[in-house]
Amino acid sequence: MLKVIDATGFISFQDIGRKGFQNFGVPVSGAMDWFAYQVANQLVGNSQNATALEIGLGEITFQAKQDCVLAVTGAGYEVQNYIWTFPLWTSFYVRAGWYVQIKKTKAGNWAYLAIAGGFDVPKILGSSSTYMRGGLGNHIQTGNVLQSGKPSTELTKLAARDFPVQKFMRYSQSPTIEVIAGPQRERFDNSFFENEYTLSKSFDRMGYRLEGKIIEASDKTELISEGMTMGSIQITNQGQPIVMMADSPTTGGYPKIGNVIRVDLPLLAQCESGTSTIRFKEVSVEEAQEKYKRCSQLFT
Amino acid sequence: MFKPLGDSALLIQLGDEIDPIINQRVHALNSLLQNINGIIETVPAYCTLLVHYDINFSYQHIKAIVQEKINQVNDSFQITARRHEVPIRYGGASTDLEIISTTLNLSISEIIKIHSEKEYQIYMMGFTPGFPYMGILDSRLQMPRLQTPRTLVQAGSVAMAGFQTGIYPLDSPGGWNILGWTPLKLFDPHSDTPFLFSPGDVVKFVPMESNSLLFEREQAP
């Protein structure tokens, strides 16, 4: 059990996402950085779908009310208990009474806090993922008490584990993001793939607006709304690319030049507004799935 | 006709216009693609169906399944649509009924008659959880959406834009012209049946008097 002493930014419970209700217009939600979320759970011995805390562009300080094992993953954050700094991508033992602070320190947007046993949160439509716009769940606030479930084994066996993140995910502020051509790819020339973009100030769990070269469509026929997904890159009528993220609406009406591959979504998710330099590169579905297979072998 | 949408979704295009028959084919195909190993969920829209599949299945494998099912959706397909009657109070505070009347040069009673005499097909759901996109609206009622969307539209508001009519299930921003209000709850996440409607269903509006008990009990806006 953790008691929240102070919380700022966008802090919410997330799991693997809300599946099976997109036909009713319910977004999938779930972690913005699925890789960091899954590693955090794995480090503390949780199932792949355990509820973790997502810390977005903010900070949280909490007090442990009982002994527990925690892991924090992601990019741009530091974990301290006032005496020590715990490295990200490791699990560590926290004693009852300790105060722990997760602080935003450098480039990166999202951190994941997993607790051995998972956070105990009621599921809505089969998922504990918070979807604020739809009134499903709520942001974490000062004073909240976060309950956790039963750890999978003794705490001492779960503590002091680490994960060699650099071997599997190269977080960077100048990534090349791989993209599969979208349903309306033929409306556009190659300029999207030949120019550099940065993340605009207007970004949240729903979508990331990109700034850079305006993309002209050769065919300006208005699109009839159709399904879309996390990673879909829509080009607005003004020619601005928007990458849909975890809280993406289930359908959209702008043409889609492409779709970010699953393995590269975390790289984009952690790009910093204003300073990141992002390039996009086309790959095939087969290459993307092969890349995912190699990456997902870590989670068995 | 088939296009990948990323590494774990397949977009099926069954036409390129908004047409009730094409949309019924979408829903017929949709029903044939339920409970298939490898397919996680499907999202019907006006003339497309998006199939979200398990990334561990190949695109070609899923495409072959879909192709086989499309062949079953021939012109003799049958869809079993549920029919809903939706009580509506036309007009009232925070509706656009007066402006609609002036813009379209129709009396309020004519608007009510035209809007409520037709049955509407739910082409798709989206925008917010439980929002039904319905049509096709009588051409006499068609007008563009608001120049500036409202920052808050009350849950239960019945509205229209272009050829479409819809109901806001949640308090949300919105740019459609509001005709009235229904006390029906379209989305209740904590219920065993969280959604009142499904895509493909048919809706008929039933005008109610504003002093109806239904509205007092539900504390109409």
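**Two interfaces in a predicted two-chain model**

Between domain 1 of chain B and domain 2 of chain B, the count of salt bridges is zero. This statement, like everything that follows, refers to a predicted model. The two parts in question come from the domain assignment of chain B, which places domain 1 at residues 2–75 and domain 2 at residues 83–219. Their centres, taken over C-alpha atoms, lie 29 Å apart, and the contact between them draws nine residues from domain 1 of chain B and 10 residues from domain 2 of chain B.

Although no salt bridge is counted between these domains, six residue pairs are in polar contact there, with both partners at pLDDT 80 or more. The side of domain 1 of chain B that touches domain 2 of chain B owes its largest share, four residues, to helix 1 of chain B, which covers residues 20–32. Sorted by class, the residues on that side of domain 1 divide into five nonpolar, three polar and one charged.

The area buried between domain 1 and domain 2 of chain B comes to about 820 Å², and carbon and sulfur atoms give 63% of it. Within the part that domain 1 of chain B buries against domain 2 of chain B, the residues B:Ile18, B:His27 and B:Tyr46 supply 58%, which is more than any other three residues.

From the contact inside chain B, the reader can turn to the contact between the chains. Here 38 residues of chain A meet 45 residues of chain B, and the two chains bury about 3100 Å² between them, with 64% of that area on carbon and sulfur atoms.

How many salt bridges cross the interface of chain A and chain B? The rule finds one, and in it the side chains of A:Glu186 and B:Lys3 meet at 3.9 Å, N to O. Across the interface of chain A and chain B there are also 11 residue pairs in polar contact, again with both residues at pLDDT 80 or more.

On the side of chain A that touches chain B, at least two residues each are supplied by strand 12 (176–181), strand 15 (226–227), strand 19 (256–260) and helix 5 (285–296) of chain A. Of the elements on this side, helix 5 of chain A makes the largest contribution, with five residues. By class, the side of chain A that touches chain B is made up of 17 nonpolar, 13 polar and eight charged residues.

How values were computed:
Residues are numbered from 1 along each chain as its sequence is written. Chains are lettered from A and ligands numbered from 1 in the order in which they are written. This is a predicted model: local features need pLDDT of at least 70, side-chain atom pairs count only at pLDDT 80 or more; totals for chains, interfaces and linings use all residues. Side-chain values use heavy atoms; hydrogens and water are left out. Contact means heavy atoms within 4.5 Å. Buried area is the accessible area (1.4 Å probe) that two parts lose on being put together, summed over both. A salt bridge is a side-chain nitrogen of Lys or Arg within 4 Å of a carboxyl oxygen of Asp or Glu. A polar contact is a pair of N or O atoms within 3.5 Å; within protein, one must be able to donate a hydrogen and the other to accept it, and residues adjacent in sequence count only if both atoms are side-chain atoms. Ala, Val, Leu, Ile, Met, Phe, Trp, Tyr, Cys and Pro count as nonpolar, Asp, Glu, Lys and Arg as charged, and the others, Gly among them, as polar. Domain bounds come from an automatic or database domain assignment.
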